[in-house]
Every structure is written in structure tokens, then in C-alpha cells.
Amino acid sequence: MTVRLSGTLSEFVAANVGEHGDYENVSEYVRDLIRRDKARKEQDAFERLRAELAHAFSAPESSYQPLTAAEVIARNKG
């Protein structure tokens, strides 16, 4: 995989790599950025699920409707 950076982005990466940076090399820096982005997206998905579950559990019991397994399957195919 090849990534090309120019100008300010290249300078920014160079400042974070090497003797005075937090990373030994550019590959290490890029891997860390990708891991952080992946973790952020997973956390965002978890928070959306948590919000949906909180909303569902706070609904009054009268709003629940009994469904058979076949009805749930049919509803989720759509």
C-alpha cells in the first residue's frame, strides 16, 4: 500500500515520527491512526445501539406487541 502526502500533511507526519516524535516510523504512525479510527467507529456503533436500547426499554409496556418468531423473521426480511 502506498500513501502520498505533500506539503503540510507531510511535515506534520514527519514531526510525529523519528527521534523527536511519538512514533519510530511512518508505518507505525499510520497503523495507530487506523486502529484509533476503527475503535472510534466501533464506539460510535455501540453508543447508537445503547441509545436505541435505552429508548426501547423506556417505552411503556402497553406499546409492546407479542410477535411470533415467524413474524419477526418476516419483518426483518423487508
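**A pocket, a surface patch and a set of salt bridges**

The largest pocket holds about 170 Å³ of space in this structure, which is a predicted model. Its lining is formed by M1, T2, V3, L5, S10, V13, V26 and V30. Two helices, α1 and α2 (26–58), are the elements that give two or more residues to this lining. In chemical character, the lining residues divide into 6 nonpolar, 2 polar and no charged.

Some of these names return on the outside of the protein. M1, V3, L5 and L9 make a nonpolar surface patch of about 510 Å². Of the patch residues, M1, V3 and L5 are also found among those that line the largest pocket. V3 makes a helpful example to follow by eye. This residue sits in the segment before α1 (7–16). V3 counts as exposed because its relative accessibility is 58%, and the cut-off for that class is over 50%.

Attention now turns to the charged side chains. Side chains of opposite charge can pair when their charged atoms come close. A search of the whole structure finds 6 salt bridges, and several of them can be traced along helix α2.

A good place to begin is D37, whose side chain meets that of R40 in a salt bridge, with 2.5 Å from N to O. Both residues belong to helix α2 and lie 3 residues apart, about one turn of the helix. R40 is partly exposed, at a relative accessible area of 44%, and D37 is likewise partly exposed, at 30% relative accessibility. The side chain of D37 also meets that of K41 in a salt bridge, here with 3.7 Å from N to O. K41 and D37 are 4 residues apart in helix α2, again about one turn of the helix. These contacts belong to a wider arrangement: a network of salt bridges links D37, R40, K41 and D44.

Another pair in helix α2 is K38 and E42, whose side chains meet in a salt bridge of 2.7 Å, N to O. Because these two residues are 4 residues apart in the helix, about one helical turn separates K38 from E42. The two partners fall into separate accessibility classes, as the cut-off for exposed is over 50%. K38, at 51% relative accessibility, counts as exposed, whereas E42, with a relative accessible area of 46%, is partly exposed.

Definitions and conventions
Residues are numbered from 1 along each chain as its sequence is written. This is a predicted model: local features need pLDDT of at least 70, side-chain atom pairs count only at pLDDT 80 or more; totals for chains, interfaces and linings use all residues. Side-chain values use heavy atoms; hydrogens and water are left out. Patches are made of residues with over 30% relative accessible area and no salt bridge: like charges are joined within 9 Å, nonpolar side chains (Val, Leu, Ile, Met, Phe, Trp, Tyr) within 5 Å. Accessible areas come from the Shrake-Rupley method with a 1.4 Å probe; for residues, only the protein chains shown count as cover. A salt bridge is a side-chain nitrogen of Lys or Arg within 4 Å of a carboxyl oxygen of Asp or Glu. Buried means under 20% relative accessible area, exposed over 50%, partly exposed in between (1.4 Å probe, protein chains only). On a 1 Å grid over the protein atoms alone, a cavity is a set of points where a 1.4 Å probe fits but cannot get out, and a pocket is an open set with protein on both sides within 12 Å along at least five of seven lines; lining residues have an atom within 4 Å of a point. Grid points are joined across faces, edges and corners, and a volume is the space filled by probe spheres set on the points. Ala, Val, Leu, Ile, Met, Phe, Trp, Tyr, Cys and Pro count as nonpolar, Asp, Glu, Lys and Arg as charged, and the others, Gly among them, as polar.
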